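The exercises below concern one protein structure. Please examine the sequence and the model, attempt each task, and then compare the result with the worked solution.

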Amino acid sequence: MKKLLTSVVAAVACYAGVASAAEINPAVIYDMGGRFDQSFNQAAYIGAEKYKEDTGTEYRDFEIQNDSQREQAMRNFARRGMNPIVAIGFNQESALKKVAAEFPETKFAIVDAVVDMPNVQSIVFKEHEGSFLVGVLAAMASKTGTVGFIGGMDIPLIRKFSCGYAQGVKHANADAEVLQNMTGTTPSAWNDPVTGGELAKSQFDRGADVVYHAAGGTGVGVLQAAADAGKLGIGVDSNQNGMHPGSVLTSMLKRVDVAVYEAFGSVANDTWEPGLTILGLADGGVDWALDENNESLITDDMKAAVAEAKEAIISGNLEVHDYMSDSACPM
C-alpha cells in the first residue's frame, strides 16, 4: 500500500499534550553511529524522547555496534513484548524481514527501506526535494561558484541526496561546479568524522566554499572542517545549525523524529496501518532550517528564492529528479 502521511504537519503542531489511548511498549533500534550521532539516529531519539515527554510512555532502545546485532536486538525486543519496534536505517531491512515473520502479532516500522509485510510500516522520504532547497541556498551563498557534497556510504539513497542537491545548485546558478565525494562502501562510512574532515578540506582546496554532507556521524568532521577553514557547511537530518553557529549555512531537515513519534502514537491510538508512507516537502517530511544560529547568513533574496522553489515543487510546477527512480542524475 502506498500512501502519503498528510498528518505530519499536524503532528508537529500537536506535539504537546498528546494522550495515549492504549498501553504500548515501544522500542527503537538505531543504525550505526548511535543515538547521539547529531544527525539521522539522533532525530529518531528526539522523536522517541518527545513522545515519552508528551505521554509519559517509557520506551527501550538499542545502539547497533555491528551488523550481527540487528536481528538479535529485534528478536529480543519482540520476545519481551515490545510493540511497536521501530528500526532506523535501510541496513535493518534483511533482519526485519526475518524477525517480523517470526512475530506476526508485533507491529514494526522501518525508516529508509520498504518491507512489504502485513505487520510492517515502511517510512521513506523525498530527500531529493529537501536537498534541492539547500542546493539553491549553497549556490547563492557561494562566492567561488564551486560547492561540495560529501556522502557517507556510497549507496543509491545517498546518491539521491547528492543529485537533488546538484539540481538545486544548478537551478540557482547554471555555471556552478559541484564537487562530490563518498566516504566509503561499508557501514563504517557513517561514523568516520576524521575522513569526513579530510574530504571537506580537499574540496576546499579545490575551490569549494560551501559543503553539504549526508554522512551521519561522519558529517561532524565535515562541519568542523568548514568552521576551521572559515567556509560554510550544510547539515542534514537533524538541525545542525547550532553545532557551529555562523558556519553552518543551513540544515536539510529529514523528520525522522516525526516518523518515530507517529509510529508510536498510531499504535497507541489504534490507527496504525502497514504499508508505505512517503514524506516530502508537501507533507512537512523534509525542509530546511532557519534559526538564530544561521539567520545572519541567509539574505532576503535567498529566502525568496528557496520559498519560490519550495512552492513550485509542492505544486508540481518544478520536478526534482529522484536518482533512485532510474539510478541516474541529469546533472
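**Exercise 1. The largest cavity**

How much space lies in the largest cavity? Describe its lining as well.

*Solution.*

Step 1. The model under study is predicted. A count of the cavities of 30 Å³ or more gives one. The space in the largest cavity is about 190 Å³.

Step 2. The lining of this cavity consists of 19 residues, and the closest to the centre are Phe40, Asp112, Ile158, Trp190 and Asp237.

Step 3. Three elements are to be named here: helix H2 (40–55), helix H6 (156–172) and strand E10 (232–237) each give two or more residues to the lining. The largest share belongs to H6, which supplies three residues.

Step 4. Sorted by character, the lining residues comprise 10 that are nonpolar, four that are polar and five that are charged.

**Exercise 2. The disulfide**

Determine how many disulfides the whole structure contains, and state which parts of the chain are tied together.

*Solution.*

Step 1. A disulfide is a covalent bond between the sulfur atoms of two cysteines. The search of the whole structure yields one.

Step 2. The partners are Cys163 and Cys329, whose sulfur atoms are 2.1 Å apart. The angle about the S-S bond is 95°, and the link of Cys163 and Cys329 is right-handed.

Step 3. Cys163 belongs to helix H6, while Cys329 belongs to the segment after helix H11 (323–326); the pair therefore ties together parts that are 166 residues apart in sequence.

Step 4. The accessibility of each partner remains to be classified. Cys163 has a relative accessible area of 1%, and because buried means under 20%, Cys163 is buried. Cys329 has a relative accessible area of 29%; this value is not under 20% and not over 50%, so Cys329 is partly exposed.

**Exercise 3. The surroundings of Thr186**

Where is Thr186 found, and which side chain does a polar contact join to that of Thr186?

*Solution.*

Step 1. Thr186 is located in the loop between strand E8 (177–184) and helix H7 (193–205).

Step 2. The relative accessible area of Thr186 is 39%, so this residue is classed as partly exposed.

Step 3. The side chain of Thr186 is joined to that of Ser188 by a polar contact of 2.8 Å.

Step 4. To relate sequence to space, consider Thr186 and Lys126: 60 residues separate them in sequence, and their C-alpha atoms are 23 Å apart in space.

Technical notes:
Residues numbered from 1 in each chain as written. Predicted model: local features only at pLDDT ≥ 70, side-chain atom pairs only at ≥ 80, totals over all residues. Heavy atoms only, no water. 1 Å grid on protein atoms, 1.4 Å probe; cavity = no way out; pocket = protein on both sides within 12 Å on 5 of 7 lines; lining within 4 Å. Points joined across faces, edges and corners; volume = space filled by probe spheres on them. Helix = DSSP H or I, 4+ residues; strand = E, 2+ residues; numbered from the N terminus. Nonpolar A, V, L, I, M, F, W, Y, C, P; charged D, E, K, R; others polar. Buried < 20%, exposed > 50% of the residue type's maximum accessible area, 1.4 Å probe, protein only. Polar contact = N/O pair within 3.5 Å; in protein donor to acceptor, adjacent residues only side chain to side chain. Disulfide = S-S within 2.5 Å.
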